[in-house]
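Subject: Model for your files

Hello,

Here is the model we talked about handing over. Please look through it first; my notes follow below.

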Amino acid sequence: MITLKTDTQIAYMKKANQIVRDTLNLLIEHTKAGVSTYELDRLAREYIFSQNAKPSFLHYNGFPASICVSVDCEVVHGIPSKKKVLEEGQIVSYDCGAIFNGWHGDAARTVGVGLISPECQQLIDVTEQCFFKGVESIVAGVTRLGDLGHVIQSHAESFGYGVVRELVGHGIGRQMHEDPEVPNYGISGHGIRLTEGMTIAIEPMITMGTERVDWMEDGWTVKTRDRKPASHYENTIAITSHGIEILSL
Ligand code: MG
Ligand code: MG
């Protein structure tokens, strides 16, 4: 069931999303070789609590940390750990959620650790472009989920990249994951229409090679099957009477 939100509810969601945005910026500031992902998780958790919010991910279905940190071929859901230390040349994605006053925010960013290859930088840039091209294509009451997915997929595939099929974006609100599912692939003219009051997380997960992924034995981490790098970029958006608002920017 899709729950539509009022302008007041969207304002609460914006607050949650701005805490997420600021947490991600803090993580990006602290991204450097030698930092453990455990330390980054601690930073994020302390910041979110200092804002009178709670990390949405902590204990979600048993997830043991406040953020997901996924390095290189890890697509999403990487678990922070003292043993996992960032190294020069890696690309790292941070996925963060916060709940404020009963409303969730959700966003993700991928950045390089120090100097990275031009190939990895392009993958990161194109993943962001996929998000913005998708958002810019939305016309409230007209655009269907298949149209949105098609825009994202076409842009990624024009660079020869893979679009992960098994993980998708989602509605968001009082729950972190609500209906509808928001795939990063699709067929124009198919799926439900995006209408005023909908709040969704759009999150392209783009790979340098195959779109196939493997789930690791820790029960969380998802890696590309060919172990080539992947990038993830996400924001929560609201479809309002005054247009599309990106809540986590
Ligand atoms: Mg997320
Ligand atoms: Mg999400």
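Where in the chain does Met198 lie? Met198 sits in the loop between strand 8 and strand 9. Please keep in mind that this is a predicted model.

Surroundings of Met198

Met198 is buried, because its relative accessibility is 2% and buried means under 20%. Apart from neighbours within four places in sequence, the residues in contact with Met198 are Ile2, Leu4, Pro180, Ile192, Arg193, Ile237, Ala238 and Ile239. Gly171 is 27 residues from Met198 in sequence, and the C-alpha to C-alpha distance between them is 7.6 Å.

Ile192, one of those contacts of Met198, is placed in the loop between strand 8 (178-182) and strand 9 (199-202). Its relative accessible area is 37%, so Ile192 is partly exposed. Together with Ile2 and Leu4, Ile192 forms a nonpolar patch on the surface, and the accessible area of the three together is about 240 Å².

The magnesium ions

Which residues are the protein donors of the magnesium ion (ligand 1)? They are Asp95 (OD), listed twice, Asp106 (OD) and Glu234 (OE), at 2.0 to 2.7 Å from the ion. Along the chain, these donors follow the spacing D-x10-D-x127-E. Asp106 belongs to strand 5 (residues 103-112) and Glu234 to the loop between strand 13 and strand 14, so this pair ties together parts that are 128 residues apart in sequence.

For the magnesium ion (ligand 2), the protein donors are Asp106 (OD), His170 (NE2), Glu203 (OE) and Glu234 (OE), and they lie 2.1 to 2.3 Å from the ion. Their spacing along the chain is D-x63-H-x32-E-x30-E. Here the pair Glu203 and Glu234 links distant parts of the chain, 31 residues apart: Glu203 is in the loop between strand 9 and strand 10 (205-207), and Glu234 in the loop between strand 13 (230-232) and strand 14 (235-240).

How far apart do the magnesium ion (ligand 1) and the magnesium ion (ligand 2) lie? The distance is 3.1 Å, and Asp106 bridges the two.

Are these donors buried or exposed? Asp106 is buried, with a relative accessible area of 2%. Glu203 also counts as buried, at 6% relative accessibility, and Glu234 is buried at 0%.

Regards

Definitions and conventions:
Residues are numbered from 1 along each chain as its sequence is written. Chains are lettered from A and ligands numbered from 1 in the order in which they are written. This is a predicted model: local features need pLDDT of at least 70, side-chain atom pairs count only at pLDDT 80 or more; totals for chains, interfaces and linings use all residues. Side-chain values use heavy atoms; hydrogens and water are left out. Patches are made of residues with over 30% relative accessible area and no salt bridge: like charges are joined within 9 Å, nonpolar side chains (Val, Leu, Ile, Met, Phe, Trp, Tyr) within 5 Å. Accessible areas come from the Shrake-Rupley method with a 1.4 Å probe; for residues, only the protein chains shown count as cover. A salt bridge is a side-chain nitrogen of Lys or Arg within 4 Å of a carboxyl oxygen of Asp or Glu. Helices (H or I, at least four residues) and strands (E, at least two) are DSSP runs, numbered from the N terminus. Buried means under 20% relative accessible area, exposed over 50%, partly exposed in between (1.4 Å probe, protein chains only). Donors are N, O and S atoms within 2.8 Å of the metal (3.2 Å for Na, K and Ca); water is not among the atoms, so sites may look incomplete. Contact means heavy atoms within 4.5 Å.
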